[in-house]
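Work through the exercises below with the sequence and the 3D view open. Try each task before reading its solution.

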Amino acid sequence: MPFQLKHEQIVFSGIKPSGRLNIGGYIGSLSQWAEMQEKYTCLFCVVDYHAITVKQKPSDLEKWTLELVKTYLAAGVNPKKSILFRQSDLSAHTELAWILNCTAHMADLKKMTQFKEKSLGQKETVSVGLFTYPVLMAADILLHQTDIVPVGEDQKQHVELARDLAKRFNNEYGRVFEIPESVVRKNGARIMSLQDPFKKMSKSENGAGCIDLLEDIEEARKKIRRAVTDSGNQIKYDKKNKPAISNLLTIYSHLSRRSIDEIEKEYEGKGYGDFKKDLEGVVVDFLSAFQKNYNKISDQEALKILEAGRERAEEMAQKTLVKVKKLIGIK
Ligand code: AQP
């Protein structure tokens, strides 16, 4: 039976299975998804072709994929309301990426900050895939006629590229793509490392600065205790002068669902010790509840959900791809 669109506007978002998702990715992106599925037709994707832009152990890829599906579900994604699927299950993504590679300019991709950061030190051996991956991301988004893309700050530039490519293609060949908008949190779009408030908390650097969603609870406590702070002892949000405390306040606020103002007031006259002790409790409560949900889901369930999602996502993807190919003169 064809999948009926319940809501007019379409949301697409994806995370790559390159390791365990941490509280940064959760706060910046995943935490918005459950709410969005009440208002929009949502497609949530495990973008495995993005993961291989840097070397991955083949045996890990399936493991991280299933973990990520279970992570989406534990964060409230409901497969009865949203389409949850794996990118590589739909060849239309890579097919459209190739076509858009021929629309994108070298100059578009040379501007991409994430490529510059991730290729640092690799010189000529950096993969071409890492360079062109924003085009694959544009294909992911445009294939499904997406209106809204919830992402963290680091992905905003890539959504801008998707917009530019959609406009360029529409102008050249005829209107086929919707022009997507990114939705980036005002606060929490870039959670920083607990060890270095100038460095993003990342899956691939999952040491003392990073708490992943399936982190051992005692380990998580230790990481909060050892988190760096700034000089002084006031609990005040001030990104410029107090980057470490501002980061911890942001984490506290999102995981406890309380405003930063309210938290600052609570800690007036108190020091970093009190604040970090309570933050430890906030993080532990959040992780425990999250992991309880996660542990209820089996790998078999996750696989079944991916299979059902593939069928539903395929319809929309093929519709767009057929139109695109016709426009460029390929049957
Ligand atoms: N530290 C963060 N703060 C806020 N948002 C973040 N995101 C990632 N890290 C943070 C957002 O979460 C989604 C994750 O997508 P991804 O894993 O496909 O992309 P990424 O940004 O490349 O993630 P990592 O953790 O940095 O992965 P590695 O180390 O493997 O490259 C995106 O919306 C992202 O913006």
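**Exercise 1. Place Leu-255, decide whether Leu-255 is buried or exposed, and list what Leu-255 is in contact with.**

Solution.
- Start with the element. In this predicted model, Leu-255 sits in helix α11.
- Next, the accessibility. Leu-255 has a relative accessible area of 11%. The cut-off for buried is under 20%, so Leu-255 is buried.
- Now the contacts. Set aside the neighbours within four places in sequence; Leu-255 is then in contact with Tyr-26, Ile-27, Val-282, Val-283 and Phe-286.
- Finally, a distance. Leu-279 lies 24 residues from Leu-255 along the chain, and their C-alpha atoms are separated by 9.4 Å.

**Exercise 2. Gln-145 has a positive phi although it is not a glycine, and so does Arg-257. Find the loop of each, and decide whether each is buried or exposed.**

Solution.
- Take Gln-145. Its phi is about 55°. Gln-145 belongs to the loop between α8 and β4 (148-150). Its relative accessibility is 14%, so Gln-145 counts as buried.
- Take Arg-257. Its phi is also about 55°. The loop here runs between α11 (243-256) and α12 (260-266). The relative accessible area of Arg-257 is 73%. Exposed means over 50%, so Arg-257 is exposed.

**Exercise 3. Check the length of α4 and of α9 against the expected span, then look at burial and at the glycine that follows each helix.**

Solution.
- Helix α4 covers residues 58-74. Its 17 residues, at 1.5 Å a residue, should span 24 Å. The end C-alpha atoms are 25 Å apart, which agrees.
- Burial in α4: 13 of its 17 residues are buried, so the helix is mostly covered.
- After α4 comes Gly-76, with a positive phi near 105°.
- Helix α9 covers residues 156-173, 18 residues in total. From first C-alpha to last, α9 reaches 26 Å, close to the 26 Å expected.
- Burial in α9: the buried residues include Val-159, Leu-161, Leu-165 and Phe-169. His-158, Arg-163 and Asn-170 are also among them.
- After α9 comes Gly-174, again with a positive phi, near 125°.

**Exercise 4. How do the axes of α5 and α8 cross, and which residues make the contact?**

Solution.
- The axes of α5 (residues 91-101) and α8 (residues 128-143) come within 8 Å. They cross at roughly 120°.
- That angle makes α5 oblique to α8.
- The crossing is right-handed.
- On the α5 side, the contact uses Ala-92, His-93, Thr-94, Leu-96, Ala-97, Leu-100 and Asn-101.
- On the α8 side are Thr-132, Val-135, Leu-136, Ala-138, Ala-139, Asp-140, Leu-142 and Leu-143.
- Sort the contact of α5 with α8 by class: 10 nonpolar, four polar and one charged.

**Exercise 5. Repeat the analysis for α5 and α14.**

Solution.
- The axes of α5 and α14 (residues 299-328) come within 10 Å and cross at roughly 30°.
- The cut-off for roughly parallel is under 35 degrees. So α5 is roughly parallel to α14.
- The crossing of α5 and α14 is left-handed.
- From α5, the residues are Ala-92, Glu-95, Leu-96 and Ile-99. They meet Ala-317, Gln-318, Leu-321, Val-324, Lys-325 and Ile-328 of α14.
- By class, the contact of α5 with α14 has seven nonpolar, one polar and two charged residues.

Methods. Residues numbered from 1 in each chain as written. Predicted model: local features only at pLDDT ≥ 70, side-chain atom pairs only at ≥ 80, totals over all residues. Heavy atoms only, no water. Axes fitted to C-alpha atoms, helices over the stretch in contact; angles between N-to-C directions. Helix = DSSP H or I, 4+ residues; strand = E, 2+ residues; numbered from the N terminus. Parallel < 35°, antiparallel > 145°, perpendicular 65-115°, else oblique. Left-handed = near helix turned anticlockwise from the far one by under 90°. Contact = heavy atoms within 4.5 Å. Nonpolar A, V, L, I, M, F, W, Y, C, P; charged D, E, K, R; others polar. Expected span 1.5 Å × (residues − 1). Buried < 20%, exposed > 50% of the residue type's maximum accessible area, 1.4 Å probe, protein only.
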